[in-house]
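Welcome! Take a moment to turn the model around on your screen before reading on. The notes below will guide you from the overall fold to a few single residues.

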Amino acid sequence: LDTSNESPEFIKKSESVLGEYRMRCFVSRNWVLREAALTKISMMLPDILHDHDLDAASILCAALEHAVYDRIVQVFLTSLIVLDEIVLAFENGNFSRKEVIQMLERLVTLLISKLADNKQKVVDGAETALLSFAFSPCIGSTYVGSQALKPMRSQETKPTGRAIRSRLMFVHKLLDEFGEKHISVEQVMSFVKDVTDNFSHKDANVRDTAKELTTLIYQIIGEDVFLFLDSLPARQLREYKASFANSRTNLSGSRSTDLTPRSPLNSLPRVIDDDTSFNGLRELVDKPQQSRGRGRGRGKVLPVVQRESPGYNRGERSRDSGSERTDSTYSR
């Protein structure tokens, strides 16, 4: 049993909800026991969260923070599966958005920091969890976006720029999916300028990622984007204008002819594919770790298993915005 990093108060409160034996497994030095405890907790959720029990829900979320911190990838991914089950229980249990955000605030911040992890499975898992939060009616894209756009702490801004690129890529996905009604374009551009040293970061990959995000914003607000680019050198400004021109060509060849509403999941091919749910992390847990490059759009689709929860179908309405959908693929 390893309780050296856990306060006696945390252990006592957690034992009152999870049980003494399961809590001993939860903080064990043996990662197999930690993973097994998470699996058992997932099975206990209906009993733990019955009757809108806020105290038990808060203790459970605090315990999940410790699991998300786990350095063993399989334990981390299993904790995300349990976390998704908890969010689902919050949705079905009519917990208010204020209550849920208060309980999950630290977890959202932690998952955002995980986007810069060296292990690709961790990055994919954190990204999938955050996108699932964004689609949840009791969390929403506005909140997730505001957290993703918070100033980055100095220790995250490493010379390699990995943390900066991962954050910019995630903001790109959020903005592309939910649009400027949920994520402020002004805040996005202010964030981009701040983390890239006014578009002049020494890492070329960071500059390219910033240009791609700015090009997406150009597609949304048009020529007004140049209000944020007044300090660009002439050569760099020409590169941005060329990227904007290419995006217009791509739009005229693809998006302009598609007038049907799209499913929110259709723009997430690198993390969630059609007919899938967050539960695909279960297959990630069982697979050996592999190193693979992310590339722009060249990442592999994560396989996902359909969740079997009767009476719950996210395909009928878009989460967060409430708009009608054209498919019914995202089911639990």
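A residue counts as buried when its relative accessible area is under 20%, as exposed when it is over 50%, and as partly exposed in between. Keep that in mind as you explore this predicted model. The protein contains 13 helices and zero strands, and 50% of its 332 residues count as buried.

**The overall picture**
- Following the chain from the N terminus, you meet the elements in the order α-α-α-α-α-α-α-α-α-α-α-α-α.
- Among contacts with a separation of 6 or more, 71% join residues that lie 24 or more positions apart.
- The protein exposes about 16,300 Å², and carbon and sulfur atoms supply 49% of that area.

**The nonpolar core**
- The largest nonpolar core has 88 residues, and Phe 90, Leu 111 and Phe 133 touch the most other members.
- Helix 5, which covers residues 73–92, gives this core its largest share, with 10 residues.
- Which residues does Phe 90 contact, leaving aside its neighbours within four places in sequence? They are Leu 49, Ala 57, Cys 61, Phe 95, Val 100, Met 103 and Cys 138.

**A look at helix 4**
- Helix 4 has 15 residues, and the distance from its first C-alpha to its last is 21 Å, close to the 21 Å expected at 1.5 Å a residue.
- Its buried residues include Ala 57 and Cys 61, two of the residues that Phe 90 contacts.
- Also buried in helix 4 are Ala 56, Ile 59, Leu 60, Ala 63, Leu 64, Glu 65, Ala 67 and Val 68.
- An α-helix has 3.6 residues a turn, so residues three or four places apart point the same way.
- The cover over the buried residues of helix 4 includes helix 1 (8–18), helix 2 (20–26), helix 3 (31–48), helix 5 and helix 6 (97–114).

**Out at the surface**
- Ile 72 sits in the loop between helix 4 (54–68) and helix 5.
- Why does Ile 72 count as partly exposed? Its relative accessible area is 31%, and partly exposed residues are those between the 20% and 50% limits.
- Together with Trp 31 and Val 32, Ile 72 forms a nonpolar patch on the surface, with about 230 Å² of accessible area in total.

**One more residue to find**
- Ser 113 belongs to helix 6.
- Ser 113 is partly exposed, because its relative accessible area is 26%.
- Although Ser 113 and Met 152 are 39 residues apart along the chain, their C-alpha atoms are separated by 9.2 Å.

Notes: Residues numbered from 1 in each chain as written. Predicted model: local features only at pLDDT ≥ 70, side-chain atom pairs only at ≥ 80, totals over all residues. Heavy atoms only, no water. Helix = DSSP H or I, 4+ residues; strand = E, 2+ residues; numbered from the N terminus. Buried < 20%, exposed > 50% of the residue type's maximum accessible area, 1.4 Å probe, protein only. Contact = heavy atoms within 4.5 Å. Areas by Shrake-Rupley, 256 points an atom, 1.4 Å probe, with all protein chains shown as cover. Core = buried A, V, L, I, M, F, W, Y, C linked by side-chain atoms within 4.5 Å. Patch = residues over 30% accessible without salt bridge, like charges linked within 9 Å, V, L, I, M, F, W, Y side chains within 5 Å. Salt bridge = Lys/Arg side-chain N within 4 Å of Asp/Glu carboxyl O. Expected span 1.5 Å × (residues − 1).
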